[in-house]
Amino acid sequence: MVASGSGDAFERAAAELDYPMLIATTSADGELSGCLVGFATQVSLLPARFLVCLSDKNHTFRVAGRASHLAVHYVAADQVELARLFGEQTGDTVDKFARCEWSMAADNLPVLAGAEFWFAGPIVNVVRFGDHTGFVIEPDRGDAAERSTELLSSLLVRDFEPGHKG
Ligand SMILES: Cc1cc2nc3c(=O)[nH]c(=O)nc-3n(C[C@H](O)[C@H](O)[C@H](O)COP(=O)(O)O)c2cc1C
């Protein structure tokens, strides 16, 4: 096998990876925000902690920086319209929450209707990684009923045009 430049190899490999997509939502000072996120993972068992990485270009990043809590929603593979709303539109110009169903939960968290499951909790750590910043939450609420549908994943949304590049 011929080794190629490590940057190229990484970009090609990353483009092949299929990972779950989620929609993160938050609010601060009455301002709601949310976006589609691929960079996310559980990072601790005890206490349970989950990392959501937000691009510093995004409206959601700016609101999350002033927020106390963050919610994470996983949607079914066929909920492409909802995913497009949160991944291709920006809260800088569009009120996404006027275009979808949601309800306000404790701690002023907007919870999206129709998610396959969701969880949320206080933001306990914020770490700048590069052009994305990690928001670590400690999930303490949510809804995760029995389900059998396939979840939305990155290869299903690779044709999306992000509302903010990068
Ligand atoms: C496949 C895909 C993956 C994405 N992953 C992330 C991510 O991990 N973190 C992030 O902040 N934005 C990510 N985005 C981009 C935002 O969802 C997008 O720019 C959104 O329009 C930003 O909205 P906002 O400005 O209202 O926050 C991704 C978009 C797509 C299409």
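**Salt bridges and the largest pocket**

A network of salt bridges joins Asp29, Glu31 and Arg66. The model is a predicted one, and everything below was computed from it. Within this network, the side chains of Arg66 and Glu31 come together at 2.7 Å, counted from N to O. Arg66 sits in the loop between α2 (59-64) and β5 (69-74), while Glu31 belongs to strand β2 (residues 31-37), so this pair ties together parts that are 35 residues apart in sequence. How accessible are the two partners? Arg66 has a relative accessible area of 44%, so it counts as partly exposed. Glu31 is partly exposed too, at 31%.

The idea behind such pairs is simple enough: side chains of opposite charge can pair when their charged atoms come close. By the rule used here, the count comes to 10 salt bridges, and two more of them are worth a look.

One of these is formed by the side chains of Asp56 and Arg128, with 3.1 Å from N to O. Asp56 is found in the loop between β4 (49-55) and α2, and Arg128 in strand β8 (residues 117-128), so here the linked parts are 72 residues apart in sequence. The partners fall into separate accessibility classes: Asp56 is partly exposed at 24% relative accessibility, whereas Arg128 reaches 55% and is exposed. The cut-off that matters for Arg128 is 50%, because a residue has to be over that value to be called exposed.

The other salt bridge is a more local affair. Glu88 and Arg84 meet through their side chains at 3.1 Å, again N to O. Both lie in helix α3 (residues 80-88), and because they are 4 residues apart, about one helical turn separates them. Glu88 is partly exposed, with a relative accessible area of 22%, and Arg84 is partly exposed as well, at 29%.

Now for the empty space. The largest pocket holds about 1,000 Å³. Its lining is made up of 36 residues, and the ones nearest the centre are Tyr19, Met21, Gly38, Phe39 and Pro162. Two or more lining residues come from each of α1 (6-16), β2, β4, α2 and α3. Which element gives the largest share of the lining? That would be β2, with 5 residues. β2 is also the strand that holds Glu31, the partner of Arg66. Sorted by class, the lining of the largest pocket contains 17 nonpolar, 16 polar and 3 charged residues.

Technical notes. Residues are numbered from 1 along each chain as its sequence is written. This is a predicted model: local features need pLDDT of at least 70, side-chain atom pairs count only at pLDDT 80 or more; totals for chains, interfaces and linings use all residues. Side-chain values use heavy atoms; hydrogens and water are left out. A salt bridge is a side-chain nitrogen of Lys or Arg within 4 Å of a carboxyl oxygen of Asp or Glu. Buried means under 20% relative accessible area, exposed over 50%, partly exposed in between (1.4 Å probe, protein chains only). On a 1 Å grid over the protein atoms alone, a cavity is a set of points where a 1.4 Å probe fits but cannot get out, and a pocket is an open set with protein on both sides within 12 Å along at least five of seven lines; lining residues have an atom within 4 Å of a point. Grid points are joined across faces, edges and corners, and a volume is the space filled by probe spheres set on the points. Ala, Val, Leu, Ile, Met, Phe, Trp, Tyr, Cys and Pro count as nonpolar, Asp, Glu, Lys and Arg as charged, and the others, Gly among them, as polar.
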